[in-house]
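Visitor: I would like to take a close look at a single part of this molecule, the sheet and what lies around it. Could you walk me through it slowly, as you would for someone in a first year of study?

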Amino acid sequence: MSDEPHRVEVVEYDPAWPRRFARERDALQVSLASWLAGPIEHVGSTAVPGLCAKPVIDIMVPTRSLDDSRPAIAVLEAEHGYTYWPYKADVMHWFCKPSDEVRTHHVHLIPVSSRLFRERLFFRGALLRDADLRRRYAALKQNLAARFAYDREAYTQAKGPFVAEVVARMRA
(Lines give C-alpha, C1' and ligand atoms only; values in the text may rest on other atoms or scores of the structure.)
Protein backbone atom coordinates (compact mmCIF):
# COMPACT_ATOMS: atom_id res chain seq x y z
CA MET A 1 0.00 0.00 0.00
CA SER A 2 1.06 3.54 -0.55
CA ASP A 3 3.00 5.37 2.15
CA GLU A 4 1.10 8.57 1.35
CA PRO A 5 -1.51 9.49 3.97
CA HIS A 6 -5.14 9.35 2.82
CA ARG A 7 -7.87 11.11 4.74
CA VAL A 8 -10.28 8.97 6.72
CA GLU A 9 -13.64 10.37 5.73
CA VAL A 10 -16.88 9.25 7.38
CA VAL A 11 -19.99 10.47 5.55
CA GLU A 12 -23.73 10.24 6.08
CA TYR A 13 -25.50 7.12 4.81
CA ASP A 14 -26.06 7.07 1.05
CA PRO A 15 -29.11 5.12 -0.16
CA ALA A 16 -27.17 4.32 -3.37
CA TRP A 17 -24.77 2.04 -1.47
CA PRO A 18 -26.98 -1.10 -1.65
CA ARG A 19 -27.35 -0.64 -5.43
CA ARG A 20 -23.60 -0.22 -5.82
CA PHE A 21 -23.11 -3.43 -3.85
CA ALA A 22 -25.72 -5.30 -5.93
CA ARG A 23 -24.09 -4.29 -9.23
CA GLU A 24 -20.67 -5.41 -8.04
CA ARG A 25 -22.03 -8.62 -6.49
CA ASP A 26 -23.77 -9.56 -9.73
CA ALA A 27 -20.54 -9.12 -11.71
CA LEU A 28 -18.45 -11.00 -9.15
CA GLN A 29 -20.87 -13.95 -8.88
CA VAL A 30 -20.25 -14.84 -12.50
CA SER A 31 -16.46 -14.80 -12.47
CA LEU A 32 -16.02 -16.15 -8.92
CA ALA A 33 -18.66 -18.89 -9.17
CA SER A 34 -16.20 -21.77 -8.87
CA TRP A 35 -14.84 -20.43 -5.56
CA LEU A 36 -18.13 -19.42 -3.92
CA ALA A 37 -19.20 -21.37 -0.83
CA GLY A 38 -22.37 -19.33 -0.27
CA PRO A 39 -23.90 -15.96 -1.11
CA ILE A 40 -21.73 -12.87 -1.50
CA GLU A 41 -22.44 -10.53 1.42
CA HIS A 42 -22.57 -6.75 1.78
CA VAL A 43 -20.78 -6.05 5.08
CA GLY A 44 -19.34 -3.05 6.84
CA SER A 45 -21.17 0.15 7.63
CA THR A 46 -22.38 0.78 4.07
CA ALA A 47 -24.56 -2.33 4.54
CA VAL A 48 -26.47 -0.73 7.44
CA PRO A 49 -29.19 1.76 6.44
CA GLY A 50 -28.82 5.06 8.27
CA LEU A 51 -25.29 4.41 9.52
CA CYS A 52 -22.52 6.83 8.58
CA ALA A 53 -19.55 5.20 6.89
CA LYS A 54 -16.42 5.62 4.87
CA PRO A 55 -17.93 5.59 1.34
CA VAL A 56 -16.36 2.26 0.40
CA ILE A 57 -18.52 -0.80 -0.32
CA ASP A 58 -17.24 -3.82 1.65
CA ILE A 59 -17.96 -7.13 -0.04
CA MET A 60 -17.38 -10.45 1.72
CA VAL A 61 -16.99 -13.46 -0.57
CA PRO A 62 -17.39 -16.85 1.14
CA THR A 63 -14.82 -19.41 0.00
CA ARG A 64 -14.08 -23.00 1.00
CA SER A 65 -10.50 -22.08 1.96
CA LEU A 66 -7.83 -19.50 1.33
CA ASP A 67 -5.72 -21.99 -0.61
CA ASP A 68 -8.62 -23.03 -2.86
CA SER A 69 -9.47 -19.41 -3.65
CA ARG A 70 -5.92 -18.25 -4.41
CA PRO A 71 -6.55 -18.39 -8.22
CA ALA A 72 -9.40 -15.88 -7.72
CA ILE A 73 -6.77 -13.22 -6.99
CA ALA A 74 -5.79 -13.05 -10.66
CA VAL A 75 -9.44 -13.03 -11.75
CA LEU A 76 -10.32 -10.10 -9.49
CA GLU A 77 -7.30 -8.16 -10.74
CA ALA A 78 -7.67 -8.91 -14.45
CA GLU A 79 -11.45 -8.95 -14.86
CA HIS A 80 -12.65 -6.48 -12.22
CA GLY A 81 -9.83 -3.99 -11.68
CA TYR A 82 -9.13 -4.87 -8.06
CA THR A 83 -5.71 -4.51 -6.46
CA TYR A 84 -4.66 -7.35 -4.14
CA TRP A 85 -2.94 -6.52 -0.84
CA PRO A 86 -1.61 -9.21 1.51
CA TYR A 87 -3.42 -7.55 4.42
CA LYS A 88 -4.27 -10.09 7.15
CA ALA A 89 -3.28 -12.78 4.65
CA ASP A 90 -3.60 -15.49 7.28
CA VAL A 91 -7.39 -15.02 7.42
CA MET A 92 -8.43 -13.49 4.06
CA HIS A 93 -7.50 -12.34 0.59
CA TRP A 94 -8.08 -8.57 0.62
CA PHE A 95 -8.57 -6.24 -2.37
CA CYS A 96 -9.36 -2.60 -3.04
CA LYS A 97 -10.69 -0.92 -6.16
CA PRO A 98 -9.76 1.06 -8.16
CA SER A 99 -6.55 1.79 -6.20
CA ASP A 100 -5.12 2.25 -2.74
CA GLU A 101 -5.37 6.03 -3.15
CA VAL A 102 -9.00 6.08 -4.32
CA ARG A 103 -11.19 3.31 -2.96
CA THR A 104 -14.77 2.62 -3.95
CA HIS A 105 -14.89 -1.10 -3.09
CA HIS A 106 -13.14 -3.63 -0.90
CA VAL A 107 -13.42 -7.36 -1.47
CA HIS A 108 -12.62 -9.84 1.29
CA LEU A 109 -12.33 -13.52 0.27
CA ILE A 110 -12.87 -15.33 3.58
CA PRO A 111 -13.41 -19.03 4.33
CA VAL A 112 -17.11 -19.53 5.08
CA SER A 113 -16.30 -21.77 8.05
CA SER A 114 -14.02 -19.21 9.68
CA ARG A 115 -14.65 -17.29 12.87
CA LEU A 116 -14.04 -14.02 11.01
CA PHE A 117 -16.82 -14.78 8.51
CA ARG A 118 -19.34 -15.53 11.29
CA GLU A 119 -18.29 -12.50 13.33
CA ARG A 120 -18.72 -10.07 10.44
CA LEU A 121 -22.23 -11.35 9.75
CA PHE A 122 -23.09 -11.19 13.45
CA PHE A 123 -21.80 -7.62 13.80
CA ARG A 124 -23.76 -6.47 10.75
CA GLY A 125 -26.88 -8.17 12.10
CA ALA A 126 -26.46 -6.55 15.51
CA LEU A 127 -26.18 -3.11 13.91
CA LEU A 128 -29.25 -3.74 11.75
CA ARG A 129 -31.33 -4.76 14.78
CA ASP A 130 -30.23 -2.22 17.40
CA ALA A 131 -30.70 1.53 16.87
CA ASP A 132 -28.82 2.43 20.07
CA LEU A 133 -25.86 0.30 18.98
CA ARG A 134 -25.89 2.07 15.60
CA ARG A 135 -25.88 5.49 17.31
CA ARG A 136 -22.98 4.52 19.58
CA TYR A 137 -20.99 3.06 16.70
CA ALA A 138 -21.64 6.15 14.52
CA ALA A 139 -20.42 8.45 17.30
CA LEU A 140 -17.29 6.32 17.77
CA LYS A 141 -16.55 6.29 14.03
CA GLN A 142 -16.93 10.06 13.72
CA ASN A 143 -14.70 10.64 16.75
CA LEU A 144 -12.04 8.25 15.45
CA ALA A 145 -12.15 9.73 11.94
CA ALA A 146 -11.35 13.13 13.45
CA ARG A 147 -8.69 11.69 15.75
CA PHE A 148 -6.99 9.51 13.11
CA ALA A 149 -7.76 11.66 10.07
CA TYR A 150 -4.68 10.46 8.15
CA ASP A 151 -4.17 6.99 9.60
CA ARG A 152 -6.59 4.40 8.19
CA GLU A 153 -4.99 1.54 10.08
CA ALA A 154 -5.19 3.34 13.45
CA TYR A 155 -8.83 4.24 12.72
CA THR A 156 -9.64 0.60 11.99
CA GLN A 157 -7.70 -0.70 14.99
CA ALA A 158 -9.37 1.77 17.35
CA LYS A 159 -12.81 0.41 16.38
CA GLY A 160 -11.65 -3.06 17.40
CA PRO A 161 -12.63 -3.00 21.10
CA PHE A 162 -16.18 -1.88 20.25
CA VAL A 163 -16.57 -4.59 17.63
CA ALA A 164 -15.03 -7.20 19.96
CA GLU A 165 -17.48 -6.27 22.73
CA VAL A 166 -20.46 -6.73 20.40
CA VAL A 167 -19.07 -9.99 19.00
CA ALA A 168 -18.42 -11.27 22.54
CA ARG A 169 -22.20 -11.26 23.02
CA MET A 170 -22.39 -13.79 20.19
CA ARG A 171 -20.13 -16.15 22.08
CA ALA A 172 -21.96 -15.68 25.40
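Guide: A good place to begin is one pair of residues, for Thr-83 has Cys-96 in strand 4 as its bridge partner. Please keep in mind that this is a predicted model. The pair just named belongs to the contact between strand 3 and strand 4, which run antiparallel and are joined by three bridges.

From there we can step on to the other pairing of strand 4, which covers residues 93-98 and is joined to strand 5 by six bridges, with the two strands again running antiparallel. Two of the residue pairs can be found by name: His-93 has Leu-109 of strand 5 as its bridge partner, and Phe-95 stands opposite Val-107, which also lies in strand 5. If you follow the chain from strand 4 to strand 5, you pass through a hairpin, in which four residues make the connection.

Now we can draw back to the whole sheet, which is open and is formed by five strands in the order 1-2-5-4-3, with mixed pairing. At its edges stand strand 1 (41-43) and strand 3 (83-85), and because each of these has a single partner strand, one side of each is left without a neighbour in the sheet. On average, neighbouring strands of this sheet are turned by 30 degrees against each other, when direction is ignored. As for strand 4, five of its six residues are buried, so this strand is largely enclosed by the rest of the structure.

Strand 5 leads us further, in two ways. It gives the most to the lining of the second largest pocket, with three residues. That pocket has a volume of about 230 Å³, and of the 13 residues that line it, the closest to its centre are Arg-7, Pro-55, Val-56, Arg-103 and Arg-152. Sorted by character, the residues of this lining divide into six charged, four nonpolar and three polar.

The other way is along the chain, where the loop between strand 5 (103-111) and helix 4 (115-129) contains Ser-114. Is this serine buried or exposed? Ser-114 has a relative accessibility of 17%, and because buried means under 20%, Ser-114 counts as buried. Its side chain also reaches back along the chain, to the backbone oxygen of Pro-111, at 2.7 Å.

Conventions:
Residues numbered from 1 in each chain as written. Predicted model: local features only at pLDDT ≥ 70, side-chain atom pairs only at ≥ 80, totals over all residues. Heavy atoms only, no water. Buried < 20%, exposed > 50% of the residue type's maximum accessible area, 1.4 Å probe, protein only. Polar contact = N/O pair within 3.5 Å; in protein donor to acceptor, adjacent residues only side chain to side chain. Pairing = 2+ DSSP bridges. Axes fitted to C-alpha atoms, helices over the stretch in contact; angles between N-to-C directions. 1 Å grid on protein atoms, 1.4 Å probe; cavity = no way out; pocket = protein on both sides within 12 Å on 5 of 7 lines; lining within 4 Å. Points joined across faces, edges and corners; volume = space filled by probe spheres on them. Nonpolar A, V, L, I, M, F, W, Y, C, P; charged D, E, K, R; others polar.
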